[in-house]
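Here is a note for a colleague who is meeting this structure for the first time. Please read the numbered points with the model open beside them.

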Amino acid sequence: MGLPEYRSELAPGWVSTPPAVLVIDDDEALRHTVADFLADAGFAPLLAEGGKAAIELLRRAEALPVAIVLDLHVPRVNGWAFRAQLAADPRMARIPVVVLTAERRAELTGPDVLLKPVDLDRLLEVLRAATGRG
Amino acid sequence: MMSSSPIVLLVEPGDPAALCALQAGTGYELVVAPSAPEAVEALRRRPAALVIVDLERGGLALAHRVREVEGSAQVPVLFLATREQRPPIEGPRVDVAYKPVDETLLRNKVELFLTLTRLEHLAAMFAGVVGHELRNPLSAIMTSTQLAMKRATDESVKKPLERVLRGGDRMARMIDQLLELTRLRLNGSLTLSRSQVELREVVEHALRAARDAKTRFQVEALGDSSGSWDADRLLQVVATLVCNAVEHSLPGSPIQLRIDGRETGRVELRLHNVGPVLPPGLRDGHFDPFPREETPRPPRGLGLGLFLSQQFVVAHGGSFTVESSEGAGTTFTVELPRT
């Protein structure tokens, strides 16, 4: 997964502040609920309603989030295009992405894909596994 | 999909009057296939809204052959026949026009079938759109309720939230079913995405999701429960059976699940509950997604869920059967070949 390397890039002292998780979803209610839940679970949520806003936020961020929770059907730069942009940037390519989707399609399966309505406990489980924060 | 004119496929035209009548019709594109292979080829290129065959020219075999083409399993068939012939007009989507054909009558029949196809297509598209649009607000409701549940410390708050979640689960399942039915109706068949699956884990997942503290489940697992199946569809089957059992069990009676993987080629799942006997139609294993008026309405949620479950299992090459009687209760048996 390359996670140890990725962590070493972060600024010293980050351990004492909650690790950030970026939540990208165009449904405002869902975005805020997931963010509130992640805050309860000890993460610092960052919010974006679409891929374009998310990329801008990541470019500005001093410390990168430890994970991204991504809805695929978001406006402007959609989830697929966002992932492609992420992969093309060496600084961001290693951030684990957990996909949330309402679509039941065969190609959208895997341990990091969760179907909506999402089970919050499952989301936390997957996030912890992806970030190595048991 | 319906952006261009619908296709009417005339196979082996032997009757000049019929050909003439169809050529003069409007609102469709007439494709004439001189032979069966050419008809199959035409259907593979673009599905037809109606296939017309002549009984005097091997129409029956032709009709079977065109319905074997992927995506054309439910294509309507109009038979041209002489008065002496007994056309095989059993079942829906089949009609007959007698020769010598009355041109106006033939065109009217064609128009009727085209209208039917168009309406079915619209209904399916509508269901699909509604399904997708409903999922997002439901997602927000469900996720917010879960968060409220986690934050709530007061039992009197948790209880109603649990009810919201259960209602939401049921609604999410209904949306899934509606979309599956739409796919089935639009494509005429199911495409499975198989992977290595443990039936035991699917059952555990379905029981966790049942969110019912009052019901007792007794689970027995024997042998190897793995196979190459569509995990998502299989979960829908088990979840449907579990939810039905929870809803229709006598209070206090346990629901028994038995996974039997002792045979090499297949795995069997049995689910038994004690409760009211199933209505006659269902008891015979005829699961109709939209029961007709004259048949007694199945208990809530039984119709579509069981119909789809049966379709999913059959698509895996398995069998989906039920036994239900007064006193003994209801037992569903799902048999799945491992590959």
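1. Chain B holds an open sheet of five strands in the order 2-1-3-4-5, with parallel pairing. The edge strands, each of which pairs on one side only, are strand 2 (29-33) and strand 5 (94-98) of chain B, and the twist averages 20° from one strand to the next. Here two strands pair if DSSP finds at least two bridges between them, while helices (H or I, at least four residues) and strands (E, at least two) are DSSP runs numbered from the N terminus.

2. The model is a predicted one, in which local features need pLDDT of at least 70 and side-chain atom pairs count only at pLDDT 80 or more, whereas totals for chains, interfaces and linings use all residues. Residues are numbered from 1 along each chain as its sequence is written, and chains are lettered from A and ligands numbered from 1 in the order in which they are written.

3. At one edge of the sheet, strand 4 (residues 77-81) of chain B pairs with strand 5 of chain B in the parallel sense over five bridges, and B:Ala81 has B:Tyr98 in strand 5 of chain B as its bridge partner. Helix 1 (residues 16-24) of chain B packs on the sheet, where it touches strand 1 (7-11), strand 2 and strand 4 of chain B, and its direction makes about 165° with that of strand 1 of chain B. Helix 4 (residues 103-151) of chain B also packs on the sheet, touching strand 1, strand 3 (50-54), strand 4 and strand 5 of chain B, with its direction at about 170° to that of strand 5 of chain B. Contact between two residues is taken to mean that their C-beta atoms, placed from the backbone, lie within 7 Å; axes are lines fitted to C-alpha atoms, for helices over the stretch in contact, and angles run from 0 to 180 degrees between N-to-C directions.

4. How do these two helices meet? The axes of helix 1 of chain B and helix 4 of chain B come within 9 Å and cross at roughly 55°, which makes helix 1 of chain B oblique to helix 4 of chain B. On the scale used, angles under 35 degrees count as roughly parallel, over 145 as roughly antiparallel, 65 to 115 as roughly perpendicular and the rest as oblique. B:Ala17, B:Ala18, B:Cys20, B:Ala21 and B:Leu22 in helix 1 of chain B meet B:Glu103, B:Leu106, B:Arg107 and B:Val110 in helix 4 of chain B. By class, this contact has seven nonpolar, no polar and two charged residues, where Ala, Val, Leu, Ile, Met, Phe, Trp, Tyr, Cys and Pro count as nonpolar, Asp, Glu, Lys and Arg as charged, and the others, Gly among them, as polar.

5. A second helix pair in chain B is formed by helix 2 (residues 36-45) and helix 3 (residues 59-67), whose axes come within 10 Å and cross at roughly 30°, so that helix 2 of chain B is roughly parallel to helix 3 of chain B. In this pair, B:Ala36, B:Ala39, B:Val40 and B:Leu43 in helix 2 of chain B meet B:Leu62, B:Arg65 and B:Val66 in helix 3 of chain B, and these residues divide into six nonpolar, no polar and one charged.

6. Two loops of chain B deserve a check of the backbone. B:Glu12, in the loop between strand 1 and helix 1 of chain B, has a phi near 45°, a positive value in a residue other than glycine. B:Pro100 lies in the loop between strand 5 and helix 4 of chain B, and the peptide bond from B:Lys99 to B:Pro100 is cis, with omega near -5°.

7. Further along chain B, strand 11 (residues 319-325) and strand 12 (residues 329-337) pair in the antiparallel sense over seven bridges, with B:Glu335 in strand 12 of chain B as the bridge partner of B:Ser319. The two strands form a hairpin with three residues between them, and B:Gly327 in the turn has a positive phi of about 95°.

8. Chain A has five helices and five strands, which follow the pattern α-β-α-β-α-β-α-β-β-α along the sequence. In chain A the peptide bond from A:Lys116 to A:Pro117 is cis, with omega near -5°, and A:Pro117 sits in the loop between strand 5 (113-115) and helix 5 (120-131) of chain A.

9. Finally, the two chains touch: 15 residues of chain A are in contact with 17 residues of chain B. On the side of chain A, the largest share, seven residues, comes from helix 2 (residues 28-40) of chain A, and by class that side has nine nonpolar, one polar and five charged residues.
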